[in-house]
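Q: Got a minute to go through this one with me? I'd like to poke at a few spots before I set anything up.
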Amino acid sequence: MFYIEAVAVIVVLWWLFSYYKWRRDIYYPLEKLPGDPRYPIIGTEYIFIGVSRNELIKVFLEKIKKYSPLFRTWNGSIPEINLMKPEHIEIIMSSSNHITKGRHYNNLHCWLGQGLLTSGGQRYFGQKSRWVEKTGTLLDILDKKVDGKMHNIYPDITHCALDIICESAMGVNVGAMLKEDNKYVKAIYEFNEIMFWRILRPYIPIFIFNLLPVGRIMKNDLKILHDFSKKVISDRKALLKQEQQSGSSEHNDGEDLFGIKRRLSFLDLLIEASEDGKLLNDSDIRQEVDTFMFEGHDTTTANISWTLLLLGNHPDIQDRVFEEIRAVIRDKSTPTSITELHELKYLERVIKESLRLYPSVPFVIRQTKEEIQIDKYRIPANVEVILGIYTVHRDPEIYPDPDQQMKFDPVHRDPEIYPDPEKFDPDRFLPENSVNRHPYAYIPFSAGPRNCVGQKFALYEEKTILASIINRYKITAVKKMEDIPIHVELILRPANGVLLKLERRL
Ligand code: HEM
């Protein structure tokens with residue numbers, strides 16, 4: 001009996017000490033930062049209660065306007081520091097100390113595991129000729145939508161991007177564009193939505209969440225996602241075995257249409273590294289494949305989609321893009337060489353400007369490894385810092401028109417950095433207009449030691465797809481940009497897809 005009482009006293013004392021330490025080291029320093037009042041269990045998430053999905057971003061932007069340039073929020077009992085100034089973001093992003101991802105990414109572990117890629121990946125992609133083939137299939141699908149009516153082409157772009165990443169990085173043709181029902185793509189959207197739903201409800205314990213219908217749907221989605229990647233891996237393994245037996249190898253010899261020597265695919269390298277089972281086991285491979293497939297198609301899909309919506313709203317810019325494409329690829333339907341892709345300079349500025357206004361990844365979250373000082377505030381070690389990529393593009397304090405408050409995006413839309421930040425103006429990215437820009441004022445691919453490994457791949461792929469679409473069709477957007485609701489989750493998506501009217505040019 002005495003023993004139980006002694007343990008109970010030690011537990012209570014330990015808890016009191018931890019609580020005291022937490023208040024001294026975390027709570028008090030952070031309470032000095034601006035932000036809404038915090039309540040037990042819910043933190044500051046009550047600001048989102050009763051807010052519709054389409055309005056969530058507006059509520060958050062109001063807070064940014066109120067508390068910019070930095071403020072704290074509480075996700076339940078976990079504090080989060082929101083940063084949106086280039087010089088503040090630089091402190092975290094440029095440091096090799098603060099590279100641990102925030103804990104919200106733990107929600108992804110059940111899907112992507114710990115498979116976060118840290119080394120460069122562009123050199124593995126030597127199969128760009130396949131992009132031309134996939135883009136051709138996309139055009140065939142879009143041709144059927146040239147009927148004077150409005151169509152949502154978001155699913156078509158998603159399937160094309162998925163086919164391209166699977167073919168380029170995994171060496172497997174999943175034929176997503178040719179399938180009627182794409183369970184994998186549906187599961188990704190659903191999983192992301194539910195994950196975001198859960199993040200906003202820190203007061204629901206995990207065991208209750210798992211019992212709710214959303215918890216069960218998420219579990220089912222997870223199975224679909226894993227089954228898909230397992231099949232990609234087993235298909236590739238079977239193909240490699242077949243090639244070994246027949247003595248032929250289509251993936252590591254010869255040159256493709258772009259004159260690039262073919263190399264092993266990213267997945268082949270993972271499989272090679274696992275041959276003796278020492279470096280990577282099957283689960284490690286699956287995690288890397290899941291990460292790459294998700295990061296490698298959802299991001300590019302979102303950016304291509306926003307770019308099409310912007311071009312569909314700006315016929316003058318679309319005409320300029322079209323003229324450049326005709327001058328570069330002449331009578332072909334799609335670019336077929338790296339040189340041609342490089343020559344599409346104006347299209348590149350269009351893509352960059354689209355990524356400024358609508359960065360596919362709207363924020364990244366890191367944990368501080370050690371205490372840091374930001375302006376007059378002391379940020380303790382081990383707290384979550386939200387680096388607002390979307391936010392860094394629009395600054396509320398210096399945004400000139402108070403009525404436009406809902407639209408600002410503090411970093412990529414800071415009027416001091418980008419005059420008239422709401423305007424879609426690709427020429428902001430002319431070299432002469434970019435010279436004095438802060439290096440962390442434009443960070444769609446993040447920056448520093450943990451930045452995106454796929455940015456070159458993304459740019460080439462997007463140029464190929466966008467050039468092919470604009471070359472073949474004149475596109476008209478059905479809705480103005482300001483009337484298109486934005487869905488924020490890990491990816492920034494147009495809420496209702498990409499509604500366009502297509503007219504054949506050629
Ligand atoms: C427009 C397209 C893309 C955008 C805007 C984008 C953006 C980003 C951002 C912001 C990050 C987070 C870096 C950080 O935590 O600081 C990231 C990570 C990553 N991206 Fe991309 N990305 C794009 C396309 C791609 C493509 C095509 C691939 C693959 C071919 C790819 C693969 C990855 C991987 C593997 C990571 C690392 C994951 C991690 O360490 O957590 N991305 N990307």
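Q: Is S446 buried or exposed?
A: S446 is buried, because its relative accessible area is 13%, under the 20% cut-off. Keep in mind that this is a predicted model.

Q: Where is S446 found?
A: In the loop between α15 and α16.

Q: What about phi of S446?
A: Phi is positive there, about 60 degrees, although S446 is not a glycine. S446 also belongs to the residues closest to the ligand, along with K101, R366, R450 and C452.

Q: Ok, the ligand then. How many residues surround the ligand?
A: There are 25 of them.

Q: Which protein donor does the iron atom of the ligand have?
A: The SG atom of C452, at 2.3 Å, and that is the only protein donor. C452 is also covered by a "binding site" annotation in UniProt, from an unreviewed entry.

Q: Where is C452 found, in a helix or a loop?
A: A loop: C452 is found between α15, residues 431-434, and α16, residues 455-472.

Q: And how does C452 count for accessibility?
A: C452 counts as partly exposed, because its relative accessibility of 32% falls between the 20% and 50% cut-offs. That value is for protein chains only.

Q: Which polar side-chain atoms should I look at around the ligand?
A: R366 has one that lies 2.2 Å from an oxygen atom of the ligand. For R450, a polar side-chain atom lies 3.1 Å from a ligand oxygen atom. E295 has one as well, 3.5 Å from a nitrogen atom of the ligand.

Q: Which elements give two or more residues to the shell around the ligand?
A: Those are α11, β4 (364-367) and α16. The largest share, five residues, comes from α11.

Q: Does α11 turn up anywhere else? I mean, what is its share of the largest nonpolar core?
A: The largest nonpolar core has 122 residues, and M170 and L308 have the most contacts inside it. Helix α11, residues 282-313, gives twelve residues to this core, the largest share.

Q: What does M170 touch?
A: Leaving out residues up to four places away in sequence, M170 touches I165, V232, R236, S265, F266, L267, V289, F292 and M293. Apart from that core lies another one, of six residues, with I47, V59, F196 and L200 among them.

Q: Zooming out, how many helices and strands are in the protein?
A: 16 helices and 13 strands. The protein has 506 residues, and 54% of them count as buried.

Q: What share of the contacts joins residues at least 24 apart?
A: 72%, taken among contacts between residues at least 6 apart in sequence.

Q: Can you give me one such pair to click on?
A: Here is a pair by C-alpha distance rather than by contact. I443 and F363 are 80 residues apart in sequence, and their C-alpha atoms are 9.9 Å apart in space. I443 is found in the loop between α15 and α16, and I443 is buried, with a relative accessible area of 1%.

Q: Changing topic: which residues does the "transmembrane region" annotation cover?
A: Residues 6-22, according to the unreviewed UniProt entry. In the model, that stretch is 100% helix and 0% strand, with its end C-alpha atoms 24 Å apart.

Q: Any odd backbone spots I should know about?
A: The peptide bond from S68 to P69 is cis, with omega near 15 degrees. P69 lies in the loop between α2 (56-67) and β1 (70-75). Then there is D375, a residue other than glycine with a positive phi, near 50 degrees.

Q: Is D375 buried or exposed?
A: D375 counts as exposed, because its relative accessibility is 53% and the cut-off is 50%. D375 is found in the loop between β5 (372-374) and β6 (377-379).

Q: Last one. Which side chain does R349 make a polar contact with?
A: The side chain of D427, at 3.1 Å. R349 sits in helix α14, residues 345-357, and is buried, with a relative accessible area of 13%.

Q: What else does R349 touch, besides D427?
A: R320, P426, F429 and L430, not counting residues up to four places away in sequence.

Definitions and conventions
Residues are numbered from 1 along each chain as its sequence is written. This is a predicted model: local features need pLDDT of at least 70, side-chain atom pairs count only at pLDDT 80 or more; totals for chains, interfaces and linings use all residues. Side-chain values use heavy atoms; hydrogens and water are left out. A nonpolar core is a set of buried Ala, Val, Leu, Ile, Met, Phe, Trp, Tyr and Cys residues joined through side-chain atoms within 4.5 Å. Buried means under 20% relative accessible area, exposed over 50%, partly exposed in between (1.4 Å probe, protein chains only). Helices (H or I, at least four residues) and strands (E, at least two) are DSSP runs, numbered from the N terminus. Contact means heavy atoms within 4.5 Å. UniProt positions are given in the numbering used here, feature names are shortened, and annotations may be inferred rather than shown by experiment. Donors are N, O and S atoms within 2.8 Å of the metal (3.2 Å for Na, K and Ca); water is not among the atoms, so sites may look incomplete. A residue is near a molecule or strand if one of its heavy atoms lies within 4 Å of it. A polar contact is a pair of N or O atoms within 3.5 Å; within protein, one must be able to donate a hydrogen and the other to accept it, and residues adjacent in sequence count only if both atoms are side-chain atoms.
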